[in-house]
Amino acid sequence: MTNLDIVKSTYEGKTSEENGKNLQRYMTSETLWTEAAGFPYAGTYQGFEQIKKHVFARLGSEWLGYNFAVEDYVAAGDKVFAYGTYSGTYKTSGKHFKARVAHLWQLKDGKIVSFEQFVDSKTVNDAM
């Protein structure tokens, strides 16, 4: 699989479970995951368990219909960008949001080295 194929497999599975399994398959215990400063889950997490706990579990429990609609990808060497729009409704406030976002992935030898999120955090925080 190409780096682009690997990244696509984490977004384009038939279910969220499939996307999560593909993500975990291509990560290592050294993989770094950075949520943007200002984003509700900001920070850098290492390895799948930390990412699951600090990002995915919270997204799943705090939001309704949280989604990243990928518009397109750009791949060059060991880097892949995915960009598009986040959307969802915060359970506590009932407020819906949409925010433009880009994800930068770096891979090496078929494994994810790092992930970095770039997002308009204000619209997300306003919904909370």
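This short presentation describes one protein chain, looking in turn at its annotated region, its largest pocket, its salt bridges, its aromatic pairs and one unusual backbone angle.

Good morning, everyone. Please keep in mind throughout that the structure shown above is a predicted model.

I begin with what the record says. An unreviewed UniProt entry carries the annotation "domain: SnoaL-like" for residues 22–114. Over residues 22–114, strand accounts for 55% of the chain and helix for 22%. The C-alpha atoms at the two ends of that stretch are 15 Å apart.

Let us turn to the largest pocket. The general idea behind such a search is that a probe the size of a water molecule, rolled over the atoms, shows where empty space is left. In this model, the largest pocket holds about 780 Å³ of space. Its lining is made up of 27 residues, and those closest to the centre are T10, S16, N19, F56 and L59.

Which helices and strands each supply at least two residues of this lining? The helices are α2, covering 16–25, and α3, covering 47–62. The strands are β1 (32–35), β3 (63–76), β5 (96–108) and β6 (111–119). As for the chemical character of the lining, 14 of its residues are nonpolar, nine are polar and four are charged.

My next topic is the salt bridges. How many does the structure hold? There are four salt bridges, and I shall discuss three examples.

In one of them, the side chains of R100 and E71 meet, with 3.0 Å from N to O. This pair links distant parts of the chain, since R100 belongs to strand β5 and E71 to strand β3, 29 residues apart. R100 counts as partly exposed because its relative accessibility is 44%.

Another salt bridge joins the side chains of K79 and D78, at 3.5 Å from N to O. K79 has a relative accessible area of 35%, so this residue is partly exposed. D78, with 31%, is partly exposed as well.

The third example brings together the side chains of D126 and K122, at 2.7 Å from N to O. Why are D126 and K122 separated by about one helical turn? The reason is that they are four residues apart in helix α4, which spans residues 121–127. D126 is partly exposed, at 43% relative accessibility, whereas K122 is exposed, with a relative accessible area of 56%.

I move on to the aromatic rings. A search of the whole structure finds 15 aromatic pairs. A pair of this kind is described by the distance of the ring centres and the angle of the planes. One of the pairs is formed by W63 and Y90: the centres are 4.8 Å apart, the planes stand at 65°, and the arrangement is edge-to-face. Here too, distant parts of the chain are linked: W63 lies in strand β3, Y90 lies in strand β4 (residues 79–90), and 27 residues separate them.

Are W63 and Y90 buried or exposed? W63 has a relative accessibility of 3% and therefore counts as buried. Y90, at 12%, also counts as buried, because the limit is under 20%.

Finally, I would draw your attention to one backbone angle. Most residues other than glycine have a negative phi. D109 is not a glycine, yet its phi is positive, at about 55°. Where is D109 found? It is in the loop between β5 and β6. With 73% relative accessibility, D109 counts as exposed.

Thank you for your attention.

Methods
Residues numbered from 1 in each chain as written. Predicted model: local features only at pLDDT ≥ 70, side-chain atom pairs only at ≥ 80, totals over all residues. Heavy atoms only, no water. 1 Å grid on protein atoms, 1.4 Å probe; cavity = no way out; pocket = protein on both sides within 12 Å on 5 of 7 lines; lining within 4 Å. Points joined across faces, edges and corners; volume = space filled by probe spheres on them. Nonpolar A, V, L, I, M, F, W, Y, C, P; charged D, E, K, R; others polar. Buried < 20%, exposed > 50% of the residue type's maximum accessible area, 1.4 Å probe, protein only. Phe/Tyr/Trp six-rings, centres within 6.5 Å; stacked < 30°, edge-to-face > 60°. UniProt positions renumbered as here; feature names shortened; annotations may be inferred.
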